[in-house]
Amino acid sequence: MSSQGTAFLALWNGFDPALLDEYECWHTFEHVPERLSVPGFLSGKRYASGGGAERRFFTLYELESLQVLESAAYRELVDEPTRWSAKMRRSFSGFRRYPCRRVAAAGSGLAGAAATFVLPLSAPENEVEALAELLGRQFSSGRITSFQIGVSIANPHYKVFSQDFSAAEGGSVIVAVLEATTRPALDEAGRALADKTASFSAAKTPDWEVFDLLYAIAKQEPPQGERWRVPPRDDLRALFSDH
């Protein structure tokens, strides 16, 4: 998939290890399709790394614009969760969420591995240009299949989960998402990024994680005359006992 729209929403989280099977089912078959039913959501991709108590998830949504996250439809999903979603919200951990304005991108297709790079900066303009040039070289040389860079405010509020941010108020956060066919290729790109950011003034050590692709879904328009919000998957929820 090539980058679409002018923005993306990047989310990271852990989950209760005892409920991972249910999480996989809920997130794949109810949660992500429900988000994709919101007008302005264009695609969704799910990733994971590690196992058991250490398992981490990354979810990436492509958006027409950041204004989609202020729409009545999106607010409805946040404020009026399904019965299954309300239950699953209790078991998230290590949650982070950055709505990003896309400032650079290249590549297309869908690769099996992705890495995320997160770096708080007070004035990101020059640094973004340097990172885009570096990743452009990685892409042109065939090391990575695609990349996109976005800029978020430092501490975006989200009413569902609290988040532990370390960025300074008023600053910005650079979020880069890279894709490649192999993890070693991403590791090489990560080392190049670390070398580059070491020269940035007042830059902290960036957060860097590598994930494997679990699932991808593109926008699906509802049948004409039907309401935009997809129905909850109560048939699947019934397969799991209540906790």
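These legends walk through several views of one predicted model.

**Figure 1. The whole chain: 6 helices and 8 strands in one protein chain.** Let us start with the full picture. Following the sequence from its beginning, you meet helices and strands in the pattern β-α-β-β-α-α-β-β-α-β-β-α-β-α. The radius of gyration is 18 Å, close to the 18 Å that the globule rule gives for 243 residues, so the protein chain is as compact as a globular protein of that length. If you lay the C-alpha trace along its principal axes, it spans about 50 × 40 × 35 Å. Of the 243 residues, 51% count as buried. Contacts between parts of the chain that are far along the sequence are well represented: among those joining residues at least 6 apart, 82% join residues at least 24 apart.

**Figure 2. The largest pocket, with a volume of about 480 Å³.** Here we look at the 19 residues that line the largest pocket. To find its centre, look for Leu69, Glu70, Arg97, Pro99 and His157, the lining residues that lie nearest to it. Helix 2 (72-79), strand 4 (92-107) and strand 6 (146-153) are the elements that each give two or more residues to this lining. Helix 2 gives the most, with 4 residues. Sorted by class, the lining of the largest pocket has 9 nonpolar, 4 polar and 6 charged residues.

**Figure 3. Histidine 157, one of the residues nearest the centre of the largest pocket.** This view stays with one residue from the previous figure. Histidine 157 sits in the loop that runs between strand 6 and strand 7 (172-180). Is histidine 157 buried or exposed? Its relative accessibility is 69%, and because exposed means over 50%, histidine 157 counts as exposed. For a sense of distance, find threonine 181, which is 24 residues from histidine 157 in sequence. From C-alpha to C-alpha, the two are 34 Å apart in space.

**Figure 4. Helix 2 and what covers its buried residues.** We now turn to the helix that gives the most residues to the lining of the largest pocket. Which residues of helix 2 are buried? They are Ala73, Tyr74, Glu76, Leu77 and Val78. The cover over these buried residues includes strand 1, helix 1, strand 2 (41-49) and strand 4. Strand 4 may sound familiar, as it also gives two or more residues to the lining of the largest pocket.

**Figure 5. The largest cavity, holding about 210 Å³ of space.** The structure holds 2 cavities of 30 Å³ or more, and this view shows the largest cavity. Its lining is made of 18 residues. Nearest the centre of the largest cavity are Leu11, His31, Arg35, Phe95 and Tyr158. Strand 1 (7-15), helix 1 (20-36), strand 3 (56-63) and strand 4 each give two or more residues to this lining. Which element gives the largest share of the lining of the largest cavity? That is helix 1, with 4 residues. By class, this lining has 10 nonpolar, 5 polar and 3 charged residues.

**Figure 6. Serine 37, in the loop between helix 1 and strand 2.** Serine 37 has a relative accessibility of 6%; because buried means under 20%, serine 37 counts as buried. Apart from its neighbours within four places in sequence, serine 37 is in contact with Lys219, Trp228, Arg229 and Val230. Another residue to look for is alanine 73, one of the buried residues of helix 2. Serine 37 and alanine 73 are 36 residues apart in sequence, and their C-alpha atoms are 9.0 Å apart in space.

**Figure 7. Proline 184, a residue of helix 5 (residues 183-197).** With a relative accessible area of 56%, proline 184 is exposed. Look also for alanine 113, which is 71 residues from proline 184 along the chain. The C-alpha atoms of proline 184 and alanine 113 are separated by 9.9 Å.

**Figure 8. Cysteine 25 and cysteine 100, two buried residues.** Cysteine 25 has a relative accessibility of 13% and counts as buried. Cysteine 100, at 0% relative accessibility, also counts as buried. How many disulfides does a search of the whole structure find? The search finds 0.

Notes:
Residues are numbered from 1 along each chain as its sequence is written. This is a predicted model: local features need pLDDT of at least 70, side-chain atom pairs count only at pLDDT 80 or more; totals for chains, interfaces and linings use all residues. Side-chain values use heavy atoms; hydrogens and water are left out. On a 1 Å grid over the protein atoms alone, a cavity is a set of points where a 1.4 Å probe fits but cannot get out, and a pocket is an open set with protein on both sides within 12 Å along at least five of seven lines; lining residues have an atom within 4 Å of a point. Grid points are joined across faces, edges and corners, and a volume is the space filled by probe spheres set on the points. Ala, Val, Leu, Ile, Met, Phe, Trp, Tyr, Cys and Pro count as nonpolar, Asp, Glu, Lys and Arg as charged, and the others, Gly among them, as polar. A disulfide is a pair of cysteine sulfur atoms within 2.5 Å. Buried means under 20% relative accessible area, exposed over 50%, partly exposed in between (1.4 Å probe, protein chains only). The radius of gyration is taken over C-alpha atoms; the globule rule is 2.2 Å times the number of residues to the power 0.38. Contact means heavy atoms within 4.5 Å.
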